[in-house]
Structures are given as C-alpha cells and as structure tokens.
There are 4 protein chains.
Amino acid sequence: MTKRKAAILGSSGMIGQRFAHMLHDHPYFEVVAHCASDRSRGKTLAEIWKLSDIELNPELAGQTIRGTAVEDLAREGVEVVFSGLPSGVAGDVEHGCAEEGMAVFSNASSHRTDPDTPILIPEINHQHLSSVEIQRKRRKKAGFIVTNANCSVTGLAVGLKPLIDAFGLHQFNVATYQALSGAGYPGVPSVDTLSNILPHIVNEEEKMNSEGRKILGGFEQGQFVDSPVNILASCTRVNVRDGHLEAVFANKPDMPDKESIVSVLDGFSSRPQELSLPSAPEKPVIVRPEPDRPQPLLDSLAGSPKRARGMAVTVGRIRTSADSLRFFLLVHNTIRGGAGGSVLNAELAHREGVL
Amino acid sequence: MTKRKAAILGSSGMIGQRFAHMLHDHPYFEVVAHCASDRSRGKTLAEIWKLSDIELNPELAGQTIRGTAVEDLAREGVEVVFSGLPSGVAGDVEHGCAEEGMAVFSNASSHRTDPDTPILIPEINHQHLSSVEIQRKRRKKAGFIVTNANCSVTGLAVGLKPLIDAFGLHQFNVATYQALSGAGYPGVPSVDTLSNILPHIVNEEEKMNSEGRKILGGFEQGQFVDSPVNILASCTRVNVRDGHLEAVFANKPDMPDKESIVSVLDGFSSRPQELSLPSAPEKPVIVRPEPDRPQPLLDSLAGSPKRARGMAVTVGRIRTSADSLRFFLLVHNTIRGGAGGSVLNAELAHREGVL
Amino acid sequence: MTKRKAAILGSSGMIGQRFAHMLHDHPYFEVVAHCASDRSRGKTLAEIWKLSDIELNPELAGQTIRGTAVEDLAREGVEVVFSGLPSGVAGDVEHGCAEEGMAVFSNASSHRTDPDTPILIPEINHQHLSSVEIQRKRRKKAGFIVTNANCSVTGLAVGLKPLIDAFGLHQFNVATYQALSGAGYPGVPSVDTLSNILPHIVNEEEKMNSEGRKILGGFEQGQFVDSPVNILASCTRVNVRDGHLEAVFANKPDMPDKESIVSVLDGFSSRPQELSLPSAPEKPVIVRPEPDRPQPLLDSLAGSPKRARGMAVTVGRIRTSADSLRFFLLVHNTIRGGAGGSVLNAELAHREGVL
Amino acid sequence: MTKRKAAILGSSGMIGQRFAHMLHDHPYFEVVAHCASDRSRGKTLAEIWKLSDIELNPELAGQTIRGTAVEDLAREGVEVVFSGLPSGVAGDVEHGCAEEGMAVFSNASSHRTDPDTPILIPEINHQHLSSVEIQRKRRKKAGFIVTNANCSVTGLAVGLKPLIDAFGLHQFNVATYQALSGAGYPGVPSVDTLSNILPHIVNEEEKMNSEGRKILGGFEQGQFVDSPVNILASCTRVNVRDGHLEAVFANKPDMPDKESIVSVLDGFSSRPQELSLPSAPEKPVIVRPEPDRPQPLLDSLAGSPKRARGMAVTVGRIRTSADSLRFFLLVHNTIRGGAGGSVLNAELAHREGVL
C-alpha cells in the first residue's frame, strides 16, 4: 500500500521533533517535508535536536528543515499535515492547509473551540471524528482539521473516562505537577524554576475544564454537546523535564472500592486497541501497585509496543474511602499529551477511511 | 527579668539549627546547652551549619555541641528543652526530661498521640495548653511535653482555622508539594529528586488528617475531642529546598465568594498576636493578590517582625464558584512547621504562666 | 554631612535590586530615583523583587520605579549614578549621564575598554581611579564613568593579586562553574540547565583574559598598561542560583608551599580595608581549611561586617606540589562581581575626594 | 558457537543494571545469574530498575535476583563474572571467583593497584591483558581479574591517548563536573546538590593521576611501568544525572594547531575497532564542532552502533594558542566509565583467546 505523503509544521520545536521521531518509518505516512520558521530553515534535524530521552535516528539526522509555504505543500501532493506550530501562528496556517484540501492533525489550541472541529482522543471519543464531514463541506477543497487536547487534560481524560462510564463520577479536584517541556522553548527561565514551584499556568485550569467537557461529551446531530463533568484544577509548573503528574480527587457517597477502581482502569480498552493502531498502547491505562509510583522520571515513557512508548497513562496510589477516591496519574506531555495524540488521531482517520 | 535556662536537643540537624537561630538573643530564654549525638559532639555550630538562607550569627558560631545527658541538664538547672531529635530517639529522651521536671517543646512526632499531650498551634488551640496540668500530675517532677504539629498540617491548619470557624467548611482535598528539608539529613537521594516528583511520603497523609483533627478539635473535661474535619491529602516530595506548597480544595453548596474568603483570612488574629509574643507574626495568614504567588522561593520566609520571619502562612490564587473553593497555601516547613512552632509554643507557655 | 544624591538605573533587574539593597541607608549616598524601562515603570520594588536570599527592606518595598530620563536626573541634582543597565543600552545612557556631569558607576561592559575608563577593583588597582581626571576634561560637564569588572574575573583577580605580587605567578588555567543569575533575566531556559552543564558563555573567556590584564596592569602617564598575566579560561554555566565557583591552576618551578600560599591570601588587605569603606570586607579573601569548601550554596554570601556580605572571595582546597598549585575560588557574582563592586568603587571615589 | 555462561554481581546497583542492559542478547555471553545482596534477593529486575534513560527490555523485566554464592556460580559452570559490587565488598568476592577459575571483569577499585592486575581500556592498553597470565599461575584454578578504570580517568585517558602519542603532551590540568550517578545509590543527599557544587570527591583526584599513569604506561617483563604523564585534577560533583564533563588544559611550547588536534582525535582507532568488538564504538572519540558542545544531557549517550551507545567519548570546544590547548571532554560515567568498560574488556579477552 502506498503511504500517504505527510508534512510536519513546527519542526524545530519539541512537538515537531516528537512528530519526526514517531512518524519515522511509519506504516501509513511518509514525511516528505520538515517545515519551520525562517530561523531554522536550512538546518538539519541533527543541528536542532533537543530531545535527550530518545535517540535521533541516523536516517533522520541529515534531513533539512524548509519553510512553511502552504501552496508548495499542496503542489507536492502532501495529504496529511502534522502541526506542532505555536498557537500564535497555527490558526491561519492550519486553516490554509485545510482549505487546500489537506487533513491537518494539530497540537495547537487555535481551533479546539471551533464548533465543527473535534478535540480527538481515540480511546474516548472516536465517534467525534465524524465532525470532519461538516468541515469538509465548508472548506474550499474538502480538507479538515483535527486537534489533540491540551497535555494535562489528555492524560486526565484517558484516566477518567472508564471511571465516569462505570461509576458515574463527574466532579473532580485536580492538582497538577507539570513538566518544563510543556512550556515549549525557551519556556520558563531557569532562575524561576530552580528550587521553586510556579503555582500558575496561564489559562491552563480553564482549558482543563472546557476541553475536558467537550472531549468527554457527545457529538449529536452535527453538534458537540458538553459532558456535565466538572474539573476543578490547580495547575503548577515544576522542575521536571518531561511528564505531567496529577493528583486526582473525587468525592461522592458510595464510592466503589479500590479493587473495582483498579479493575475498571486496568480493563479499559477502546477503538485504537480494537484496530491495533500502530501507536496505540496495548493498555491505555497502566495501574501500578507500588507505593511510590508513578514517577515522572521512571514512568513517563510507559507504553508498549515500542511505537507506543509514552502513549500509556500511568495511574498509581489509588486510595478509596466510603465517600472518596484519590490517585495519582502521569502522562507524557509531549507524546500522549502532544505529538503522539495527533499521530494516533491520524492513524484512526486513516483506518476509518476518513483520510 | 531573668531569662529561663534552655537547652536544644538535636543541634546538628536542620531543626536544631533553626532553634539556635530563633532562640539567639531571645527575650524569654537563654540557651545554655546545644546537645547532639556522639558524632557531632565537640564541633562548633559553625562547623556543622547547613542553613543557607540565614546567616549564622557570629556569637553563635563558636558555640560547642555537647552530648545529651538528661541528668546533666537537670543538674545545671535547665528548665526548658527544645527538641529537634529524630522520632526514633525522641520518645525516651523527651520523656526523661519531662520526668526530671523540665518543660519540653518538641518537633518530634513521638508524643503527639499521647492522650494528655497537646499538639499546640497557639493561633488555633491555645486552650489545649491546659492539658499539661494533667501531665504534671503523672510526672515524677511535674515536667511536661508540648509538641508542635507535622510541618504540612501546621500550615494547612493555620489557613483552614478561620475558614472553618466562619463558614463551617470541614471537607478538604489537599495535594502537597513538600520541600527536601522536610526529610531531614541526609534525607532524599539526589538521583531520586532530580527532574522528578516522588508521589509518596510515608505516613504523611495519615498524619495530616489525624493531627489536623486533634489540633482543630477541643479539650474538654481533660480530654482531647477530635474535630469532625476531614483532610484527604495526596503528598509528594519535590525538588525545592524549603517551603511546603499545598493546593487546597473545598466543595460545598453556597460557597462564600472570594471577597469573603479573603476578608476572613486577612483578618485572622489570635492569642499570640494579642499577647504580642516575640515570634508571633503580625498576621498569621498573608493573602497575596498576585496571579502567581505564593512561590516557595519567594514567600517561604514571609512574616514580620524580623523575629517572625518564616512564621506567617501565605495564601494565594483564591478561586471560588457557587460550590467550590480552591487556593494555594505555603508554609516554611522547618520554621512555622518546625522549630518556630515550638518556639512560639514556649513563648505562649511562658506568658500564660504555665512554665 | 549631607549624603550625595544618587540614582539607580536598571532597577528592575537583578543587579539593580542588589544596588537598592546595598545602598539602602548608606552612609554616603541617598538613592532618590529608581529608574527602569517602560515595562516596569510605575511598579513598586515589592512588585518586581526577584532576590530570594535577602529580605526586601520594608522601607524600600513601596518605592516606585520611574523612567530613565537623564535630563530629569540632572535637574534634580543627582550626582552619582549606579548603572545596572544591560550592555545593549548602557553605552549611550551612561555616556549621557557623564556628559551631564554625573559620576557613573557601572556594571555594564560597554565602557570597560574605553582608553580613559577604569575597570576598578579597589583592593587591586585603586590608583586607576585617577584616570577619571582625563575623562572629566573631555566631558561637557566634567562627569565620568567607572566600571566594575566582569563577574568571573572580579573574583579571580582578587584571589590572584596577592599571589602575583608575592610569587610572580602569571600563567593560569581556570575552569568556571557560573551561576544562573549571571545571565540576567530571563537568562537561560530551564530545559537547557536541568541535569546539564552548558560548556560555553559567549565572550566570557576572552573577557576574563583581557579585563584581567587591564585590571592587574598599571596606569602610567595617562595610559593603562596591560599586565603580562595570562588567564586561559574554560567557562560553563551550571544549575546554581548564585555564586561563581572557579577551579584555578598554576604551574611553575619552585612553587611555594601551601602554608605560604595560605599566609599570603589570608593576610591580603588593601586600600578599602585601610579606609574602612562601608562595603569593604574585613578580609577580601577568606581561606577555608575544610576539605569540601567553598560551596556556592554555603559560602557565596561570605564577608563581614553585615554591609559587606557577599563582598569577600572565598578560597579553599589549596593543593601544591613542587611545580603546581591548585585551588577553588568562589565569588558572589551579583554582589562582589556586580552591584557590590560598583558600590565599593563609589565609596572609594567619595573618600578619595574624586566625587 | 556456544555463548559463555556469565553472572552479574551487584545487580541491584546502577552499574549492575547497566551490565544487565548491555549483556542482554549479547553475541558472546549469556547471563545466567543476576546476583545481589540479601535486601534485593528475590525481587525482579523490574522492581529495582533505576535507569531512566534506557528501557528495561521486557525479557529482562521478570528475571529474579539471587544471592552471591561463589561456590554456586562455580558449580553451575559460570565462566565469566561481571562485577558491579561496591568497593567495600568487591575485594574478597572477586578474589574468590578468580580462585574458583572464573574470569572476573570488575568495575570496583579494590584490585586496580594489584601488581599483576590490569586496568584495561582496550583502545589504550590492550597489551596489558597479557598480565592475566601471571595471575592465572598464582590462582588456585587459573581464574583472573581484569578491572576497568575509574569513571573520570577512563574518559580522560581515551581522549588524551592519541594526543600523547602524536604530540608528546604529558602535563595536564583537569577540572571535572561529575554526575550524581557516579556516587552510586543513595549517593549524594539532595539538599547538598540542589543549587550547589560540591568541590571535593574523596580520593578522586589521586586516582585520576595514579590510574592514569598505570593505564597509559607499559607492561614490560611482567611488570606495569607507569607513564610519565602527570594529571593534576580538581574534581567536583554537579547536579547532573549522567555524564562526567571535564575541562582539560595542556601547556607547552609549540603546541600543534587546532586542525592537527582535531585530526588526531577524529582519526583515533585501535584494537577494539580493528576487531569490531560488539560494544566498540566506531569512533572512540567524537569531535563536535559546535560552539556549545559537549553537553551531558545531549551527548552522554554518544556512540554507534546501537550496542555502543554511551561508549564514545565526546570532545568539543578545542582552543589552541602557541603554547596552550584547552578543550572539554565528556564521558558517560556508568557506561564507558563503568559497566561498558568491563563489557568491552570481556569482549577483547574473548576474541584474543584469553577466556
């Protein structure tokens, strides 16, 4: 089968580099263009590589970064675009690609609130993918945009979905411990994070609730319908490279016991697993029984098979009482909560025949 | 007025050093003995000083550490003992001092659950001090033990007390971000904390609830009566030197608005302020209006006058909705949540005539 | 005696804040204007305070930052200017102040290479101060500029001066471990420094040699004459807040023994000590005998009396052989190697009658 | 060809885990026993895994740790032992294994100074391997011990060897920036390393010179003859997980120019490359031309092919003058400077017919 021609936008950033890594030698897609802004143009991936936890594949090392000219991509037959652009510029460029008929899978927040654009997490709301048919109709050349969710809410939503379905939980308090890579580059000044915690990330708490409600909600009669879930978050930036840790609390009478919680989380499986999508983790949620896990340093890259490293969400320290539930949850913010989310979305679209 | 002769136990540790600093040139107490285990015996305070945020007073620098012989302290007329001993050894030594007639103010957890020993936070439960009369009766020479609370619960209880009294809140979810100094020395290995979060501190979550209920409860007819407050905590160790940050959540219908919360916290004042105790902060709770405070690096040492640096609890990012309240709270774990707590307790005892 | 009216430029930066702290309640100078760029204008010092190791004096907290209008300063009778401006803008503004008759004491590198402008370190080259007479002549209103040295070379030069004089050493290899605060704000991105060392600081190695040669050289017949000293440095940025550590190596036959080295360093005293300048440390060089000092965390603020905290250079781990010398040296980069350097320079100028 | 039966000692430590990773699926050796002390006995590798930069192979995850009984290993036919034991216990156990006829490849320092035991770095002194014939004669059952060098000196010696041979350099000043993993576990307390540099590592500077002289020296007439090289080091511990960085200085008249230095380092190749040993890096020394490399975070794992990751030494920022040379050098301390060193030694012994 011929692979589909793909381009990566924002190749010099951390998300762009994750895209390059995850899409290398991919069974469905072939990256024909690594695009970035003027400053990085002409440089090789080796020269701008910033990821320390994964090895830059020698075949990728020499690839050269080019500019982001939508018309060139269209002319060259690019069908699929993976966007790691910063939100400031993503809106227009992604729109331009979609108008030119391309399928855009984006990590940017610019289009997440568009009324016909899904925030897709295939384990949770694969049926939201049908919203792209509405987009196609209004686009000049039938392209569309699919977004992945904010990094913090992605992990949380994957962990909460089976609990909501099984036990009707809907009110959550969440305190986050978010990694530095979530702020991009240059991101947070080192003098602000050394021996410190920053107790505010602009708009993050608002996004966790609004995106969470859209993701966990329905898509009915051509419209997204918010879930009644309520996520009250307190977000912080901590001195950790990768991996967002979240302390999750739920309170309600007749809380199920720990074994039931574990069983539901451990047994969770959905459409990506059914389709054996290449980047789908065998288990979307891994439950750790140890008393001191998950830890960002040790568990962020959880997930198998190899192509799904960093795609599993890890849950641990589950504690229940008659009317309360507490646990910790960890998500790799630039893989499952970033580039990997969009790669999985594109794999789903390919296999569902939407591409 | 003659000052009371005091001794510090555990002088080589972080709490012991805070005691030395806070009790230097104190109006009520005169430290005549810095005691520690064999290993540090004979060394000067300068040689074992580990605190980087405060200057070792030149008058203290040359003081020599001696062993911990209870009978010697008794013979020399020591009336007041400040104990920064590790919990493993504190139980017996502190008991011995009390039996010899000394008043022991302890940071150790060993006696916190004793039925006639208070966990004293003067702003919250100064009336618990009367429990020492029961102790005196059973002790050979009428000494007694007063403990300060666990570092995390101290800050939390100070911040919650006015809200509980004013609005009847009683159910709390709390996620902590606890500093390295809270684990003592050598404490946590550096390879475990660099670029990581440790999502478990042994017994800490249990202590936060059980100590919180005792502290916030009553002392009636010679017995401590637990408060019905329920503190569900998830505790972590973060890569920060000093200052425990806590994300606090409360849910109930008809939550008061932000202005009411601020007003109650800001107006909080209690017995230590009434008595103008030397180490009492003018304001036990400082409310910061900025969008990104409190931060451990910038706010841990909050509190004035100078002798009360690190004794105020800082609250910030207060957010309310119809049925929810969220805020961050910061406490200096080895000052207000450690040595400073016991110093304030001793000052109260002195002024209330209990010493 | 009336104090001289002073202004601080760059008040929102780390150097500007050190100036504010060190000049508060100063016996010679009275700060009448805290100036900074548009963004900080109108804010109070409390609002922009970034220093975590010193307490913002309550009297300073409410002072408001104003813009940098040279003519206004002149009109208000400002005689002395302390400049913590970034090098990009310092050149012109400082020149303007000097032309208007003010004495400028600057931390910026802009004028350090000017042929009639000294890089002054009073313990080393107080006689270079006479170069300002040449400047006065060419300036419209007889003002002048005096610079302090680069942070790394300041500490090194103070430590080397007595050894050069006593033993004729002149060839040095130096590896540095430079703190984050040396890069200003926002400075170095946190993702670059966490669990990493950056083995390059632009132009730093060159400055260490060229500034070192000017500082340690002479001022003869109206001209600066470079010292023959040769400083071969390898500079790195490390994940430390404050305090530049330097590993110093010298090789020559007949190296004096350790006792001689210690004796010369320990006995070093110069003009600032002779004049008892307010910010002069009693000992410019403190020699630590312990096997594991100096440490940035514990020793950066070395120096007494209180006004001279951070003004002493600490040397330790001195090791000699027949033909080699090795030691570690530590300097507080934003105090002795920054604002404090200029404060000491101004104190010298005041007492030498140059102001 | 049948693989040789191998055992790993010290399997619960960082070096032991590196051994497990590097020896998995190895073409020459088959690990039949993972041994450690009582505390870890019975646990699986998954339960004690501490390495965050490499994935624990699923085939290894379930392997169980057993005790260290030399006689059991002998009875089971173990021929080769890889020892990651701490120096305190390594001496006796390794001696016991050698007496029982096993070939021991050790990371411990216990036997490095034995007169017939080599400190082997195959790129530098592969001919030292013949010293084991002397050992065989004195051992009960003809076993022997081969040690790898101290982590810091390994990287340095690999980088210096070609320069010494080509240009006769022999006097070096070296300042190190050593990673936390070099101190083992629990290693350095976090409160000592956060925002700090520790300017002393016990015995490290002495070892760098004495081991360096043995490694770079000869083996003549059954005796090791020290090289005249002189390595004057100043060693520090920095807040970095993996990778020792070293600032190297050499001074001599007629220093070759930068191109010559680069050419000699880049062209370096030796016996392991000639034999294509499985863990030999294609290039033992990688020269980076960028202005800001090597960095521990980005370059510690340098080396190809895949089995040789972390086995190459990276050199960068080479600067020369008429009489001086400066550069930075980076070595992965627990791979090339630890377990990987011994794996390469065993591969050499196997291929040279010494096993």
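Me: Two strands pair if DSSP finds at least two bridges between them. How many bridges join strand β1 of chain A to β4(A)?

Reply: This is a predicted model, where local features need pLDDT of at least 70, side-chain atom pairs count only at 80 or more, and totals for chains, interfaces and linings use all residues. Residues are numbered from 1 along each chain as written; chains are lettered from A and ligands numbered from 1, in written order. β1(A) spans residues 4-9 and runs parallel to β4(A) (strands are DSSP E runs of at least two residues, numbered from the N terminus). A:Ala6 stands opposite A:Val80, and the bridges joining the two strands number 4.

Me: Which residue of β5(A) is the bridge partner of A:Val80?

Reply: β5(A) covers residues 103-106 and runs parallel to β4(A), with 4 bridges between them. In β5(A), the partner of A:Val80 is A:Ala103.

Me: Are the residues of β4(A) that point either way buried or exposed?

Reply: A:Val80 and A:Phe82 point one way from β4(A), residues 80-83. A:Val81 and A:Ser83 point the other way. All are (20 or more other C-beta atoms, placed from the backbone, within 10 Å of their own) buried.

Me: Which strands stand at the edges of the open sheet in chain B?

Reply: The sheet has 6 strands in the order β10-β7-β11-β14-β13-β12, with mixed pairing. Two of them have a single partner strand each, so one side of each lacks a neighbour in the sheet. They are residues 230-234 and 285-288 of chain B, namely β10 and β12.

Me: Which residue of β13(B) does B:Val287 stand opposite?

Reply: β12(B) and β13(B), residues 313-321, pair in the parallel sense over 4 bridges. Opposite B:Val287 stands B:Val315.

Notes
Buried ≥ 20, exposed ≤ 12 C-beta atoms within 10 Å, placed from the backbone.
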